[in-house]
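User: I would like to learn how to read a few features of a protein model, beginning with charged side chains and ending with pockets. Could you take me through them one at a time?

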Amino acid sequence: MFGSLDISTSALVAQRSCLNIIAGNIANMHATRQADGTPTPYQRRVALLATGNPAAGPSAPGVHVQQVVKDPAPFRKVFEPDHPDAIQSGPEKGYVLYPNVDYTTEMVNALQ
């Protein structure tokens, strides 16, 4: 009986981690700078799930977050020449790079 509860618990823990990552993506969807002040937009994170439960052994049933990776999708470009982080020269002058986070996608992922 406890085996089935352990499997369910591992799934709930993995989903909680996924929801934390989704919440972080939504919270940073307008961040055009890193925490240290570098003008690089936030990059969306995605949780990769894997079978097994590392706490109970490699062959134990269950699921866990194997890795959190950054989404390689391109950043959104918005023309805002007065923004402090706007590109200053070249063919993309006046464009601001925003994170590759789509609110609708994040909300649909949260509903899973």
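Analyst: We can begin with the salt bridge, which is a side-chain nitrogen of Lys or Arg within 4 Å of a carboxyl oxygen of Asp or Glu. This is a predicted model, in which local features need pLDDT of at least 70 and side-chain atom pairs count only at pLDDT 80 or more, while totals for chains, interfaces and linings use all residues. Residues are numbered from 1 along each chain as its sequence is written, and side-chain values use heavy atoms, with hydrogens and water left out.

User: How many salt bridges does the count come to by this rule?

Analyst: The general idea is that side chains of opposite charge can pair when their charged atoms come close. Here the count comes to 4 salt bridges. One of them joins Arg-33 to Asp-85, with 2.6 Å between the closest N and O atoms. That pair links distant parts of the chain, since Arg-33 is in the loop between H1 and S1, whereas Asp-85 is in the loop between strand S3 (76-79) and strand S4 (95-98), 52 residues apart. The element names come from DSSP runs, numbered from the N terminus, a helix being H or I over at least four residues and a strand being E over at least two.

User: Which partners does Arg-44 have, and where do they lie?

Analyst: Asp-71 forms a salt bridge with Arg-44, the closest N and O atoms being 3.1 Å apart. Asp-71 sits in the loop between strand S2 (63-70) and S3, and Arg-44 in the loop between H1 and S1, 27 residues apart. The side chains of Glu-106 and Arg-44 also meet in a salt bridge, at 2.4 Å from N to O. Glu-106 lies in helix H2 and Arg-44 in the loop between H1 and S1, so this pair ties together parts that are 62 residues apart in sequence. Through shared partners, the salt bridges join Arg-44, Asp-71 and Glu-106 into one network.

User: Are the residues of these salt bridges buried or exposed?

Analyst: Burial is read from relative accessible area, where buried means under 20%, exposed over 50% and partly exposed in between, with a 1.4 Å probe and protein chains only. Arg-44 is buried at 13%, and Asp-71 counts as buried at 16%. For the other pair, Asp-85 is buried at 15% relative accessibility, whereas Arg-33 is partly exposed at 40%.

User: How should I read the side chains along a strand such as S4?

Analyst: One looks at which face each side chain points to. In S4 the side chains alternate, with Val-96 and Tyr-98 pointing to one face and buried, while Tyr-95 and Leu-97 point to the other and are not. Two strands pair if DSSP finds at least two bridges between them, and S3 and S4 pair in the antiparallel sense over 4 bridges. Leu-97 in S4 is the bridge partner of Lys-77.

User: Where does His-30 lie, and what is it in contact with?

Analyst: His-30 lies in the loop between helix H1 (2-27) and strand S1 (45-51). Contact means heavy atoms within 4.5 Å, and, leaving aside neighbours within four places in sequence, His-30 is in contact with Tyr-98 and Pro-99. His-30 is exposed, with a relative accessible area of 58%.
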